[in-house]
Amino acid sequence: QVQLVESGGGVVQAGGSLRLSCAASGRTFSSSAMAWFLQAPGKEREFVARLSWNFGTTSYADSVKGRFTISRDNAENTMYLQMNSLKPEDTAVYYCAANNIATQRYDYWGQGTQVTVSS
């Protein structure tokens, strides 16, 4: 099992910035990638960004390219999401997820952290 704990959410004005953190613990060697997802009220959960632990490769949803940056601190087993130029439509609960090498699915999830962007 991999345990994930997010932090860093809050309320910010449009155009502002926030940095989310996701601390991983447990059997982290069973995971090869981590990602951020968001879920806005009344909508389905959607992909935001992904990072490979081994190679550091990243990918982003089109809606956040150029504004969000995913990064990691391997020594601390922590992943970050730097969010700049925030828009009201970025308002959502943001979830950290880790894939399971055995299933190739995101089997491990954090509890989520609320991000609210006011106009």
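In the predicted model, strand β9 (residues 92-100) is joined to β11 by three bridges, and the two strands run antiparallel. One position in this pairing is A92, which stands opposite V115 in β11. Strand β11 (residues 113-118) is also joined to strand β2 (residues 10-13), here through four bridges and with the strands running parallel. Within that pairing, V11 has T116 of β11 as its bridge partner. Strand β11 thus pairs in antiparallel fashion with β9 and in parallel fashion with β2.

The two faces of β11 differ in their surroundings: T113, V115 and V117 make up a covered face, whereas Q114, T116 and S118 make up an uncovered one. In a regular strand, side chains alternate between the two faces of the sheet. Of the bridged residues named above, V115, the partner of A92, belongs to the covered face, and T116, the partner of V11, belongs to the uncovered face.

A separate group of four strands forms an open sheet in the order β1-β3-β8-β7, with antiparallel pairing. The edges are occupied by β1 (2-7) and β7 (68-73), each of which has a single partner strand, so one side of each is left without a neighbour in the sheet. From one strand to the next, the twist averages 20 degrees. The antiparallel pairing of β1 with β3 comprises six bridges, and L4 is placed opposite A24 in β3.

Strand β8 (residues 78-83) of this sheet contains T78. T78 is buried because its relative accessibility is 9%, under the 20% limit. The side chain of T78 reaches the backbone oxygen of E76 at a distance of 3.0 Å. Beyond its neighbours within four places in sequence, T78 is in contact with S21, C22, A23, W53, S71, R72 and D73. Among these contacts, S21, C22 and A23 fall within the residue range of β3 (18-26), while S71, R72 and D73 fall within that of β7 (68-73).

The loop between β3 (18-26) and β4 (33-39) contains S30. Despite this loop position, S30 is buried, with a relative accessible area of 13%. When residues up to four places away in sequence are not counted, S30 touches V2, N99, N100, I101 and Y108. Of these, V2 lies in the range of β1 (2-7), and N99 and N100 lie in the range of β9 (residues 92-100). Y108 falls within β10 (residues 105-109).

Aromatic side chains form a further set of interactions, with a count of three aromatic pairs. The pair of F37 and Y106 is edge-to-face, at 5.4 Å centre to centre and with 75 degrees between the planes. F37 lies in strand β4 and Y106 in strand β10 (residues 105-109), so the pair ties together parts that are 69 residues apart in sequence. F37 counts as buried, at 11% relative accessibility, whereas Y106 counts as partly exposed, at 25%. F37 also pairs with W109: the ring centres are 5.0 Å apart and the planes are at 55 degrees, so the pair is tilted. As F37 lies in strand β4 and W109 in strand β10, the pair ties together parts that are 72 residues apart in sequence. W109 is partly exposed, with a relative accessible area of 32%. Ring pairs link F37, F47, Y106 and W109 into a cluster.

The ring of W109 also has a charged neighbour, as the charged end of R45 sits over it at 4.6 Å from its centre. The charged end of R45 likewise sits over the ring of Y95, at 3.9 Å from the ring centre. Y95 falls within the residue range of β9 (residues 92-100).

Adjoining R45 in sequence is E46, which lies in strand β5 (residues 46-52). E46 counts as partly exposed, at 37% relative accessibility. Not counting residues up to four places away in sequence, E46 touches F37 and L38; F37 is also a member of the aromatic cluster. The C-alpha atoms of E46 and Q114 are separated by 15 Å, the two residues being 68 residues apart along the chain. Q114 belongs to the uncovered face of β11.

Note on methods: Residues numbered from 1 in each chain as written. Predicted model: local features only at pLDDT ≥ 70, side-chain atom pairs only at ≥ 80, totals over all residues. Heavy atoms only, no water. Buried < 20%, exposed > 50% of the residue type's maximum accessible area, 1.4 Å probe, protein only. Contact = heavy atoms within 4.5 Å. Phe/Tyr/Trp six-rings, centres within 6.5 Å; stacked < 30°, edge-to-face > 60°. Lys NZ or Arg CZ within 6 Å of the ring centre and 35° of its normal. Pairing = 2+ DSSP bridges. Axes fitted to C-alpha atoms, helices over the stretch in contact; angles between N-to-C directions. Polar contact = N/O pair within 3.5 Å; in protein donor to acceptor, adjacent residues only side chain to side chain.
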